[in-house]
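Load the model in your viewer and switch to a cartoon representation. Keep a selection prompt open.

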Amino acid sequence: MVKIKWLGHACFKICFDDIQYVIDPFEDEYVPSYDNICTSADMVFTSHNHNDHAGIMGVKCMRRLTYGVNVITVKTYHDEQKGALRGVNIVHIFEYKGKRIAHFGDIGHILTEEQKSKIGKIDVALIPIGDVYTVGAEKAKIIAEQVDAKVVIPMHYRCEEFGFKELDTADLFESLYSKVKHIDTNEYIVEENPLYDIVILKYERGNNQ
């Protein structure tokens, strides 16, 4: 079983059966209104070294030897000028028992043909949609189509009282799809044949383990 848990902003805890990975934790008090990250994992990954993605001190690394998850990294950029404005961004692809989960970090552009080929087809794509610092809704959808994502979980946007106020909400991104699933928790279990295109998770205070 692959379970994806949203810890807020662009941070996720991904469980591959009993293997636990965390990606892009934010520093304490850095992203408005979210609880500080306070969890444990076998490994911690970051897409780039910005405060809202590299707060690794909030994650207790268990340092267990883990087997079975293959991790692929693909170099992209945080902007449309090949990193001249905000630097390099790393896309992480996690492969486990035939499932491929991709976390796109703070990607700021649509994929080149070379990047698209390296990433390949994806079962669940975690893509930023908030614009300003990353791609917005329209380009996020293009990226999802480029990797033939079965399901997209949007991230890095403003929701209710949470997140940076300058970011877009998920409304525009939702409007681009006809098959949307809202989940009343911050967890999603990857399905074999999903009947929807995007999943909107609900941020839960006090559930950041």
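The stops below go through one strand, its partners and the sheet around them.

This is a predicted model, in which local features need pLDDT of at least 70 and side-chain atom pairs count only at pLDDT 80 or more, while totals for chains, interfaces and linings use all residues. Residues are numbered from 1 along each chain as its sequence is written, and side-chain values use heavy atoms, with hydrogens and water left out.

Select residues 19-23, strand β3. Strands are DSSP runs (E, at least two residues), numbered from the N terminus. Four of the five residues here are buried, so β3 is largely enclosed by the rest of the structure; buried means under 20% relative accessible area, with a 1.4 Å probe and protein chains only.

Add residues 11-16, strand β2, which runs antiparallel to β3 and is joined to it by five bridges. Label Ile-14: its bridge partner in β3 is Tyr-21. Lys-13 stands opposite Val-22 in β3. Next, go to the hairpin of β2 and β3, where two residues lie between the strands and Asp-17 takes a positive phi near 55°.

Now select residues 43-45, strand β5, which pairs with β3 in the parallel sense over three bridges. Two strands pair if DSSP finds at least two bridges between them. Val-22 has Val-44 as its bridge partner in β5.

Finally, show the open sheet of five strands, in the order β5-β3-β2-β1-β13 and with mixed pairing. β5 and β13 (187-189) are at the edges with a single partner strand each, so one side of each has no neighbour in the sheet. From one strand to the next, the twist averages 20°, with axes as lines fitted to C-alpha atoms and angles running from 0 to 180 degrees between N-to-C directions.

Terms used:
Buried means under 20% relative accessible area, exposed over 50%, partly exposed in between (1.4 Å probe, protein chains only).
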